[in-house]
Amino acid sequence: MKCPFCGEEMVLGHIQPIGLRSAFWLPDNVGIKNLGPGFLTVDKIKHVGGHIIGEATNFGLLSASLTDSFLCQKCSLLITKLKDQ
């Protein structure tokens, strides 16, 4: 895949979770504290407009699988396809 900014070839890889928890994305105006008390869940993240990277179980947001991600080493840009939950 070519980088949409510089045109260099991107490197295929995966975003790996730390420990057993899935990685996730939150909008700029939302922080971890906005997710409420208790365990992190897929539903809590989706409720605030966030996205799980890969697939996760809803209990404790445990990682179930990873998704492909492309890295442009020149631009330090990641492009990641989100899986439908």
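In the hairpin formed by β6 and β7, 4 residues lie between the strands, and S76 takes a positive phi near 55 degrees there. The model in which this turn appears is a predicted one. The two strands, β6 (residues 68-72) and β7 (residues 77-80), pair in the antiparallel sense over 4 bridges. Within this pairing, L71 has L78 of β7 as its bridge partner.

The hairpin belongs to a chain with 1 helix and 7 strands. Followed along the sequence, these elements are arranged as β-β-α-β-β-β-β-β. The C-alpha trace spans about 45 × 25 × 20 Å along its principal axes. Of the 85 residues in the chain, 26% are buried. Among contacts with a separation of 6 or more, 51% join residues that are 24 or more positions apart.

One such pairing of distant parts of the sequence is found at C3, a residue in the segment before β1 (11-14). C3 and C72 are 69 residues apart along the chain, yet 6.2 Å separates their C-alpha atoms. Beyond the residues up to four places away in sequence, C3 touches E8, M10, C72, C75 and L77. Is C3 buried or exposed? C3 counts as buried because its relative accessibility is 5%, below the 20% limit used for that class. The contacts of C3 also lead back to the opening hairpin: C72 is a contact of C3, and residue 72 closes the range of β6, while residue 77 begins that of β7.

Close by in the sequence, charged side chains come into the picture. The count of salt bridges comes to 1. The side chains of E9 and K2 meet in a salt bridge, with 3.2 Å from N to O. The two partners fall into separate accessibility classes: E9 is partly exposed, with a relative accessible area of 46%, whereas K2 is exposed, at 54%.

The loop between β2 and α1 offers another contrast in accessibility. F39 lies in this loop, which runs between β2 (23-25) and α1 (42-47), and T41 is found in the loop between β2 and α1 as well. F39 is exposed, since its relative accessible area is 56% and the exposed class begins over 50%. T41, by contrast, counts as buried at 18% relative accessibility. Leaving aside neighbours within four places in sequence, T41 is in contact with N58 and L61. For F39, a distance to a later part of the chain is available: F39 and K83 are 44 residues apart in sequence and 22 Å apart in space, C-alpha to C-alpha.

What does the interior hold in the way of enclosed space? A search of the whole structure finds 1 cavity of 30 Å³ or more. The largest cavity contains about 30 Å³ of space. Its lining draws on several stretches of the sequence, and the residues involved are I15, P17, S22, A23, I53, S63, S65 and L66. By class, this lining has 5 nonpolar and 3 polar residues, with no charged residues.

Conventions
Residues are numbered from 1 along each chain as its sequence is written. This is a predicted model: local features need pLDDT of at least 70, side-chain atom pairs count only at pLDDT 80 or more; totals for chains, interfaces and linings use all residues. Side-chain values use heavy atoms; hydrogens and water are left out. Buried means under 20% relative accessible area, exposed over 50%, partly exposed in between (1.4 Å probe, protein chains only). Contact means heavy atoms within 4.5 Å. A salt bridge is a side-chain nitrogen of Lys or Arg within 4 Å of a carboxyl oxygen of Asp or Glu. On a 1 Å grid over the protein atoms alone, a cavity is a set of points where a 1.4 Å probe fits but cannot get out, and a pocket is an open set with protein on both sides within 12 Å along at least five of seven lines; lining residues have an atom within 4 Å of a point. Grid points are joined across faces, edges and corners, and a volume is the space filled by probe spheres set on the points. Ala, Val, Leu, Ile, Met, Phe, Trp, Tyr, Cys and Pro count as nonpolar, Asp, Glu, Lys and Arg as charged, and the others, Gly among them, as polar. Two strands pair if DSSP finds at least two bridges between them.
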